[in-house]
Amino acid sequence: MKLITAIIKPFKLDDVREALADVGVQGMTVSETRGFGRQKGHTELYRGAEYVVDFLPKIKLEIAVPDDQVERVIETLAETARSGRIGDGKIFVTALERVVRIRTGEVNESAL
């Protein structure tokens with residue numbers, strides 16, 4: 001099992017969610033977050049004063065999947081979240097040692 005964490009642009013969320021549902025992803029956790037990478041932020045004007053916005057709004061997706069779905073989910077995320085411009089995001093994949101469904105006590109892949 002793997003935990004796939006994706007950081008994407010907020011306006012891509014609906015498209016990504018629909019595409020992931022189409023490839024069999026049954027659930028995910030979505031968080032609003034802020035950050036920057038090579039994009040570095042930008043300057044804005046507020047009441048005549050210019051200031052730097054260091055942290056840009058992003059969406060963080062966390063998706064637990066069985067090993068046989070990992071590549072398909074990564075490909076779907078990358079294709080759907082890509083706009084071709086800087087700041088499209090990142091995908092991180094980490095191993096999951098154990099998953100427990102609290103309601104039933106099911107463990108590992110049956111808990112996904």
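Q: Here a salt bridge is a side-chain nitrogen of Lys or Arg within 4 Å of a carboxyl oxygen of Asp or Glu; how many salt bridges does this rule give?
A: The count comes to 4 salt bridges. Please keep in mind that this is a predicted model, in which local features need pLDDT of at least 70 and side-chain atom pairs count only at pLDDT 80 or more, while totals for chains, interfaces and linings use all residues. Residues are numbered from 1 along each chain as its sequence is written, and side-chain values use heavy atoms, with hydrogens and water left out.

Q: What makes lysine 2 and aspartate 67 a salt bridge?
A: Their closest N and O atoms are 3.6 Å apart, which is within 4 Å, so the pair meets the rule. Aspartate 67 sits in the loop between β5 (56–65) and α2 (70–81), and lysine 2 in strand β1, so this pair links distant parts of the chain, 65 residues apart. The labels α and β stand for DSSP runs numbered from the N terminus: helices are H or I with at least four residues, strands are E with at least two.

Q: Why are aspartate 67 and lysine 2 called partly exposed?
A: Under 20% relative accessible area means buried, over 50% means exposed, and partly exposed is what lies in between (1.4 Å probe, protein chains only). Aspartate 67 has 44% and lysine 2 has 27%, so each falls in between.

Q: How do you know that lysine 9 and aspartate 88 form a salt bridge?
A: The closest N and O atoms of lysine 9 and aspartate 88 are 3.8 Å apart, and that is within 4 Å, so the pair qualifies. Lysine 9 lies in the loop between β1 and α1, and aspartate 88 in the loop between α2 and β6 (89–95), so the salt bridge ties together parts 79 residues apart in sequence.

Q: Is lysine 9 buried or exposed, and why?
A: Lysine 9 has a relative accessibility of 10%, so it counts as buried. Its partner aspartate 88 is buried too.

Q: What is lysine 9 in contact with, leaving aside its neighbours within four places in sequence?
A: Contact means heavy atoms within 4.5 Å. By that rule, lysine 9 touches Lys58, Ser83, Arg85, Ile86, Gly87 and Asp88. Of these, serine 83 is 74 residues from lysine 9 in sequence, with the C-alpha atoms 9.1 Å apart.

Q: What makes arginine 101 and glutamate 106 a salt bridge?
A: The closest N and O atoms of arginine 101 and glutamate 106 are 2.9 Å apart, so they too are within 4 Å. Arginine 101 is partly exposed at 27%, and so is glutamate 106 at 31%.

Q: Why can Asp14, Asp15, Glu18 and Asp22 be called a negative surface patch?
A: Asp and Glu count as negative, Lys and Arg as positive, and His and the chain ends are not counted. A patch is made of residues with over 30% relative accessible area and no salt bridge; like charges are joined within 9 Å, nonpolar side chains (Val, Leu, Ile, Met, Phe, Trp, Tyr) within 5 Å. Each charge is placed at NZ of Lys, CZ of Arg, CG of Asp or CD of Glu, and areas come from the Shrake-Rupley method with a 1.4 Å probe. Two members show the area test: aspartate 22 is exposed at 69%, and glutamate 18 is partly exposed at 44%, so both are over 30%. Aspartate 22 lies in helix α1 (residues 13–22), as does glutamate 18.

Q: Why does isoleucine 91 count as partly exposed?
A: Isoleucine 91, in strand β6, has 32% relative accessibility, so it counts as partly exposed. Not counting residues up to four places away in sequence, isoleucine 91 touches Ile4, Thr5, Ala6, Ile74, Leu77 and Ala78.

Q: What is phi of asparagine 108?
A: Phi of asparagine 108 is near 55°, a positive value in a residue other than glycine. Asparagine 108 belongs to the segment after β6 and is partly exposed at 29%. Beyond its neighbours within four places in sequence, asparagine 108 is in contact with Met1, Glu97, Arg98 and Val99.
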